[in-house]
Amino acid sequence: MTGWTCWRRTPRSGPGWTGSGRPALLARLVDAVAPLQPALAETDFELIAAEVLRRERQRSLVVLFTALEAGAIGDGLLPVLPRLATRHRVVLAAAGDPVLNRLATATPAGPDDPYAAASAWRALAERTGYAPPCRATA
């Protein structure tokens with residue numbers, strides 16, 4: 001699942017863009033993010049970057065909601081991130097999986113538990129490993 005939204009420091013005029021300051025910004029952010037629904041689909045980061053750059057002329061905060069997985073980050077996001085970051089402030093948002101944390105820290109009780117713990121540790125390590133390349137690129 002990937003979604004995106006942009007925020008300017010100066011609000012637009014018109015419906016939904018009234019007010020300025022942190023309370024109004026938070027309200028607009030909640031309104032923009034609330035209708036997002038997860039979907040299992042291949043993310044086209046080229047299309048997202050092109051659309052953001054086409055729509056948003058002024059410097060904006062671009063929040064990308066995405067899974068931190070090898071295919072999404074390495075093949076899709078990293079190549080377009082520098083293009084977005086030259087004009088906008090880019091923030092990646094990803095939810096963690098509490099089941100992975102539980103599996104990684106659980107005391108093994110059965111013969112398969114060490115394998116589940118090792119898989120959880122690997123998934124957590126891969127997820128953590130994506131932060132430095134994204135920070136360096138942005």
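What is the mean pLDDT of the protein chain, and what share of its residues reach 70 or more? In this predicted model, in which local features need pLDDT of at least 70 and side-chain atom pairs count only at pLDDT 80 or more, totals for chains, interfaces and linings use all residues. Residues are numbered from 1 along each chain as its sequence is written, and side-chain values use heavy atoms, with hydrogens and water left out. The mean pLDDT (the predictor's confidence in each residue, from 0 to 100) of the protein chain is 77, and 76% of the residues reach 70 or more. Among the elements of the chain, helix 2 has the highest mean pLDDT, at 91, and strand 1 (residues 3-7) the lowest, at 52. Over residues 13-18 the pLDDT is below 50, and this stretch has seven contacts (heavy atoms within 4.5 Å) in the model beyond near neighbours in sequence.

The secondary structure comes to six helices and three strands, where helices (H or I, at least four residues) and strands (E, at least two) are DSSP runs numbered from the N terminus. Along the sequence, these elements follow the pattern β-α-α-β-α-β-α-α-α. Of the contacts between residues at least 6 apart in sequence, 75% join residues at least 24 apart. The accessible surface (Shrake-Rupley method, 1.4 Å probe; for residues, only the protein chains shown count as cover) comes to about 9200 Å², and 59% of this surface belongs to carbon and sulfur atoms. Of the 138 residues in the chain, 26% count as buried, with buried meaning under 20% relative accessible area, exposed over 50%, and partly exposed in between (1.4 Å probe, protein chains only).

The largest nonpolar core, a term for a set of buried Ala, Val, Leu, Ile, Met, Phe, Trp, Tyr and Cys residues joined through side-chain atoms within 4.5 Å, contains 14 residues, of which F45, L64, L77, L84 and V90 touch the most other members. Helix 2 (45-55), strand 2 (61-65) and helix 3 (70-87) each supply at least two residues of this core, and helix 3 gives the most, with six residues. In strand 2 lies L64, which is buried at a relative accessible area of 1%; its C-alpha atom is separated by 6.2 Å from that of V91, 27 residues apart along the chain.

In helix 2, the buried residues are F45, I48, A49, E51, V52 and L53. At the start of helix 2, a side-chain oxygen of D44 reaches to within 3.3 Å of the backbone nitrogen of E46.

A search of the whole structure finds three salt bridges, each defined as a side-chain nitrogen of Lys or Arg within 4 Å of a carboxyl oxygen of Asp or Glu. In one of these, R83 pairs with E46, with the closest N and O atoms 2.9 Å apart; because R83 lies in helix 3 and E46 in helix 2, the pair ties together parts that are 37 residues apart in sequence. R83 is partly exposed, with a relative accessible area of 38%, and E46 is likewise partly exposed, at 43%. Within helix 2, E51 meets R54 in a salt bridge of 2.5 Å, N to O, and R55 in another of 2.7 Å, N to O, so that E51, R54 and R55 are linked in a network of salt bridges. R54 and E51, three residues apart in helix 2, are separated by about one helical turn, as are R55 and E51, four residues apart. E51 is buried, with a relative accessible area of 19%, whereas R55 is partly exposed, at 49%.

Notes
A polar contact is a pair of N or O atoms within 3.5 Å; within protein, one must be able to donate a hydrogen and the other to accept it, and residues adjacent in sequence count only if both atoms are side-chain atoms.
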